[in-house]
Amino acid sequence: MRMREPYDRAPTEPGPDGGVPWAASSHPPGLERDERSFITRAGVMWILDQVTSVQDTPTPTRPHPSVTTLRAVNGIVAAGLTIGVGQLVASVFDRAASPLFAVGSAVIDLTPKPVREFAISTFGTGDKTALLVGMGVIVALLAVVAGLLESARRWWGSALFAAFGALGVAAAVTRPAAGAWWFLPTVLGVAAGIAFLRFMAVRLDSPTTDEAGTGPDRRTFLLGASGAGAAAVVTGVAGSALDHFFNDVSRDRSAFSVPRAVNTIDQSAGDDDGATPFITDNGDFYRIDTALQPPQLTSGAWSLRIHGMVDREVRIDMAALRRMPAIEKMVTLTCVSNEVGGDLIGNATWTGYRLRDLLAMAGASDDADMVLSTSSDGFTAGTPLEALTDDRDSLLAVAMNGKPLPIEHGYPARMVVPGLYGYVSATKWVVSLEVTRFDRAKAYWSTRGWSEKGPIKTSSRIDVPRDSATVNAGRVAVGGVAWAQPRGINAVQVKVDDGPWQSARLLAPDNIDTWRLWSWDWDATSGDHTLTVRAIDGEGRQQSAVVSRPDPDGSTGLHTIDVSVS
Ligand SMILES: Nc1nc2c(c(=O)[nH]1)N[C@H]1C(S)=C(S)[C@@H](COP(=O)(O)O)O[C@H]1N2
Ligand SMILES: [Mo]
């Protein structure tokens, strides 16, 4: 049982110039300086007491936090400080250099294939948030260990910080886009963390602090911990504010004018009674990439280097690019990780420049068969040279559905290649095209067990009714999408239970490079039913019914849904 400590002791403890510094600025009129500082200090102590569970009425079940708890808190606050300072320092140069993002990005790059697939199928586009939360939990646990160790065995907690600092530095300097100073955010962050950890451990371990965590140094600790905790938050927030100030490209993007295309495509030609909109809104478009934070690249800072097996190396900036004729084209992007029935697919109108024209400026060697494209954050894709030079009009796109590319979709420039999965072709934030050969270069996912070539497999999906839906007997509208870029879709068929395949109606527009909307009227009878869909591509070939996983070159199998009819 513990009693509240008498606060009237507080004002007699001298602060600098007899008061406390934070009382000096704003003060209620009519109070003497001593009274002000007393009130302020009493206020701070009151708040501290609330957060540390000291009660007026003796409550033996809620004692002071024990010194063990305080040691754990010490570790957590020190870790918070490390991360906050790291974010702040990184923001001045490049936020990707912060220990948090560098380690997170390294984890993404090192994630084994099954784990990545699990993450994408479990968290979808929220996989990055899930990673950050997971990292937060691990950091917190390690921080607690460090806090306890620092007291149990002097310097061991600091050593743990240093060890993880070394990991952070290793992660940062080995990022593909790393600059020479990328070690700095981690080093300064860890230095701040260790300084705090050590300083506070001395207070906590002083003879005046007993096992129950009481004693004068406890106050020092709590003040210090709250201060450092606040500092961690402030540096973190200031870091992201500075980052916005220095690196945010949203203003640059708003000022970017979409080039006028020399061709026009008829946007009104589509039937509008599809189960899914033919054009996917930018905001609804799936996003898949390895970037923990989308790279921030202004249109002025951007340029594209075309090099390798070429007659002459070319570097083209945005101004030069804009002098070329722009075209627009509807293309459905598809992710190789898309499961049967999945939603990692979207269709947009892209405005951009023919990659064929750009490659022609450099003059690709006849010996070359691959273009290794690289993004500003070091992602690479290996695309067959032919897919970029034949008449499918592969694009270096700068606009998506009439708007500058959204930052997470590759602003200011990305590749869009009809007919190939995104991982081998759709490089966002693209800054380099190396003309090379498949037997000389390996792209990001090809070094991680995925197929070198990624032609899109014929597939189809039922969007209405939803799986497990209940519908009324009678006429039920069934509909969805089917795709086989760049072969197009000849037919879509639906079957109920083990019944015969029945032809669905294909909606306009009919494009070989986009998905095709379809609909089918079902005369539903009561009971539980399974609906299955399959597509026949433009070459007359049926979608494969063999069930296979996305890994290594795209899933196959037929999409089915269960519906109960009442
Ligand atoms: N820079 C970069 N570009 C990238 C990727 C990436 O990880 N980094 N992922 C690719 C993959 S796997 C796909 S499916 C498409 C997705 O494009 P979206 O996010 O615009 O839908 O981008 C491709 N381009
Ligand atoms: Mo993908």
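## Helix α7 and its partners

Helix α2 passes helix α7 in a right-handed crossing. In this predicted model, the axes of α2 (residues 67–93) and α7 (residues 184–204) come within 7 Å of each other and cross at roughly 155 degrees. Because angles over 145 degrees count as roughly antiparallel, α2 is described as roughly antiparallel to α7. Sorted by class, the residues of this contact comprise 19 nonpolar, 6 polar and 1 charged.

Helix α7 also packs with helix α6 (residues 156–173), at an angle of about 170 degrees and with the axes 10 Å apart. That angle makes α6 roughly antiparallel to α7. On the α6 side the contact is formed by G157, S158, F161, A162, G165, G168 and V169, and on the α7 side by T186, V187, V190, G193, I194, L197 and R198. These residues divide into 7 nonpolar, 6 polar and 1 charged.

## Helices α3 and α5

Helix α3 (residues 99–110) packs with helix α5 (residues 127–152) at an angle of about 115 degrees, and their axes lie 11 Å apart. The crossing of α3 past α5 is right-handed. From α3, the residues in contact are L100, F101, V103, G104, V107 and I108, while α5 contributes K128, L131, L132 and M135. The class count for this contact is 8 nonpolar, 1 polar and 1 charged.

The loop between α5 and α6 contains W155. Phi of W155 is near 80 degrees, a positive value in a residue other than glycine. Most residues other than glycine have a negative phi.

## Two open sheets

An open sheet of 4 strands runs in the order β11-β13-β17-β16, with antiparallel pairing. Its edges are β11 (459–464) and β16 (505–506); each has a single partner strand, so one side of each is left without a neighbour in the sheet. At the β16 edge, the strand pairs with β17 (residues 516–524) in the antiparallel sense over 2 bridges. R505 stands opposite S519 in β17.

Another open sheet has 5 strands in the order β12-β19-β18-β14-β15, and its pairing is mixed. Here β12 (469–471) and β15 (502–503) occupy the edges, and since each has a single partner strand, one side of each is left without a neighbour in the sheet. Within this order, β18 (residues 527–537) and β19 (residues 560–565) pair in the antiparallel sense over 6 bridges. L531 stands opposite I561 in β19.

## Cis peptide bonds

Most peptide bonds are trans. The bond joining Y411 and P412, however, is cis, with omega about 5 degrees. P412 lies in the loop between β8 (403–404) and β9 (414–416).

The peptide bond from Q485 to P486 is likewise cis, with omega near 0 degrees. P486 belongs to the loop between β13 (474–483) and β14 (489–496). The strands on either side of this loop belong to the sheets described above: β13 is part of the 4-stranded sheet, and β14 is part of the 5-stranded sheet.

## Salt bridges

The structure holds 24 salt bridges. One of them joins the side chains of R356 and D393, with an N to O distance of 2.4 Å. This pair links distant parts of the chain, 37 residues apart: R356 is in helix α11 (residues 355–362), and D393 is in the loop between α12 (385–389) and β7 (395–400).

Methods:
Residues are numbered from 1 along each chain as its sequence is written. Chains are lettered from A and ligands numbered from 1 in the order in which they are written. This is a predicted model: local features need pLDDT of at least 70, side-chain atom pairs count only at pLDDT 80 or more; totals for chains, interfaces and linings use all residues. Side-chain values use heavy atoms; hydrogens and water are left out. Axes are lines fitted to C-alpha atoms, for helices over the stretch in contact, and angles run from 0 to 180 degrees between N-to-C directions. A crossing is left-handed if the near helix is turned anticlockwise from the far one by less than a right angle, and right-handed if clockwise. Contact means heavy atoms within 4.5 Å. Ala, Val, Leu, Ile, Met, Phe, Trp, Tyr, Cys and Pro count as nonpolar, Asp, Glu, Lys and Arg as charged, and the others, Gly among them, as polar. Angles under 35 degrees count as roughly parallel, over 145 as roughly antiparallel, 65 to 115 as roughly perpendicular and the rest as oblique. Two strands pair if DSSP finds at least two bridges between them. A salt bridge is a side-chain nitrogen of Lys or Arg within 4 Å of a carboxyl oxygen of Asp or Glu.
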